[in-house]
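Here is a set of exercises to work through with the model open beside you. Try each task before you read its solution.

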Amino acid sequence: MHDEIKPRRSPAGYVVLVLLAGLMLLGWRFGVAGKAAQAEDAPPAPVAAPVSDASAADSPAASAAVVDVPVPIDVALAPAAVPNTFVGRKPEHELQVYRVERGDTPNGIADKFGIQATTLLGGNPQLSQESSLLQTGVDLVILPVDGVLHDVQPGDTLESIAERYGIPVETIIGYAPNNLEFPYRLYPETRILVPGAIREVFVWTPPSLESVRGGSTGSGITPLVVGTGTFIYPVGSRNFTQYFWYGHPGIDIALGEGTAVVASDTGTVTFAGWNIYGYGNLIVINHGNGYETFYAHLNGINVVPGQVVYQGNVIGSTGNTGNSSGPHIHFEVRINGAQDNPCWYVGGC
Ligand SMILES: [Zn+2]
């Protein structure tokens, strides 16, 4: 059929050549090469026990001498199980990332994913500091269930994590993606999801009214100033950039730097200066009736601790100091030390 193929190179010839080559190789291995080469149809050379190549190739006598050596079976070579070595699996969390869009609110974002707003803090610890991080374009880690994603630290144990968040150990183990198997080893630089936990938010406490009132008079009789119980906006702008929620205990109002800030109600200044916990230049007024108001990120401060101010008095000017990503005022209302929604006090937001 094919002219190029030479008659002497038939497929059958190839087969014979290959067979011969194979038999010669076998014969060499077993030291019977000469016998195997005599005839193509010769039965396979007698099976010898496997021995080392060196002795077989050199002398048949040597190979015969090692035939009786017990041949180890494969199973005997398998590594024995070492019961004291435990290699556990590491946590495998399926996290989503959400980029904050204009007009988003913590509750709105949480609703989109079927989680609580507090869980936004659970996946994003940076949100628990006073700042405007929940702004357009910021990427948030979204946890699949409500809880806190805990960064495992050296020395952490399941018990210590359970105690910290007030969640039973069994609940943490029971969350399958944590991949916790007996003996429940924790690995640094991994993260354990603590279902149902809520990340704590650091709350800075200003000086007490008593501590500043005591030094404000020379007579020892401390004048008591009590607020009207009503509150006004500290600035004229209503350009709200962040509202009150668990992760942000006040309201942010954007406006140009240097705008006058007024006392929301009558009271005594208990703090006026730089605050290292993110507020920047901060004024706190204690209203003598359980209420305190905070004015943060200021440029200018016109009052001193112990000073009495009246509702509407100018106390400072707006700025962009501390954890601030743009000129705005952060305004807080606290009642008996607890942060409350300022919108409820100033007539709505
Ligand atoms: Zn703020």
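The exercises below go from the whole chain to single residues.

This is a predicted model, in which local features need pLDDT of at least 70, side-chain atom pairs count only at pLDDT 80 or more, and totals for chains, interfaces and linings use all residues. Residues are numbered from 1 along each chain as its sequence is written.

**Exercise 1. The whole chain**

Find how many helices and strands the protein chain has, and what share of its residues is buried.

*Solution.* Start with the elements: helices (H or I, at least four residues) and strands (E, at least two) are DSSP runs, numbered from the N terminus. The protein chain has 10 helices and 14 strands.

Next, take burial. A residue is buried if 20 or more other C-beta atoms lie within 10 Å of its own, exposed if 12 or fewer, and partly exposed in between, with C-beta atoms placed from the backbone. Of the 349 residues in the protein chain, 28% are buried.

**Exercise 2. Strand 10 and its partners**

Work out which strands pair with strand 10, and name a bridge partner in each.

*Solution.* Two strands pair if DSSP finds at least two bridges between them.

- Step 1: strand 9 (residues 280–286) runs antiparallel to strand 10, with five bridges joining them. Here I283 stands opposite Y295.
- Step 2: look at the turn. Strand 9 and strand 10 form a hairpin with four residues between them, and G288 in the turn has a positive phi of about 75°.
- Step 3: strand 13 (residues 328–335) pairs with strand 10 in the antiparallel sense over six bridges. E292 has R334 as its bridge partner.
- Step 4: strand 12 (residues 314–318) is also antiparallel to strand 10, over three bridges. T318 is the bridge partner of L298.
- Step 5: check burial. Strand 10 (residues 291–301) is largely enclosed by the rest of the structure, because nine of its 11 residues are buried.

**Exercise 3. The largest nonpolar core**

Which element gives the most residues to the largest nonpolar core?

*Solution.* A nonpolar core is a set of buried Ala, Val, Leu, Ile, Met, Phe, Trp, Tyr and Cys residues joined through C-beta atoms within 7 Å. The largest has 23 residues, and those touching the most other members are L282, I283, Y295, A296, L298, V303 and I315. Two or more residues come from each of strand 6, strand 8 (267–275), strand 9, strand 10 and strand 13. Strand 10 gives the most, with five residues. Apart from this core lies another, of 19 residues, including L149, Y165, I172 and V194.

**Exercise 4. The surroundings of I251**

Is I251 buried or exposed, and which residues is I251 in contact with?

*Solution.* I251 lies in strand 6 (residues 251–254). I251 is buried, because 22 other C-beta atoms lie within 10 Å. Two residues are in contact if their C-beta atoms, placed from the backbone, lie within 7 Å. Leaving aside neighbours within four places in sequence, the contacts of I251 include F240, F331 and C349. The C-alpha atoms of I251 and F240, 11 residues apart along the chain, are separated by 7.2 Å.

**Exercise 5. A loop with unusual backbone angles**

Compare N179 and E189: is each exposed or partly exposed?

*Solution.* N179 is in the loop between helix 9 (169–174) and strand 4 (191–195), and E189 is in the loop between helix 9 and strand 4 too. N179 has a positive phi near 50°, and E189, although not a glycine, has a positive phi of about 70°. N179 counts as partly exposed, with 16 C-beta neighbours inside 10 Å, whereas E189 is exposed, with 9 other C-beta atoms within 10 Å. P183 is found in this loop, and a cis peptide bond with omega of about 10° joins F182 and P183.
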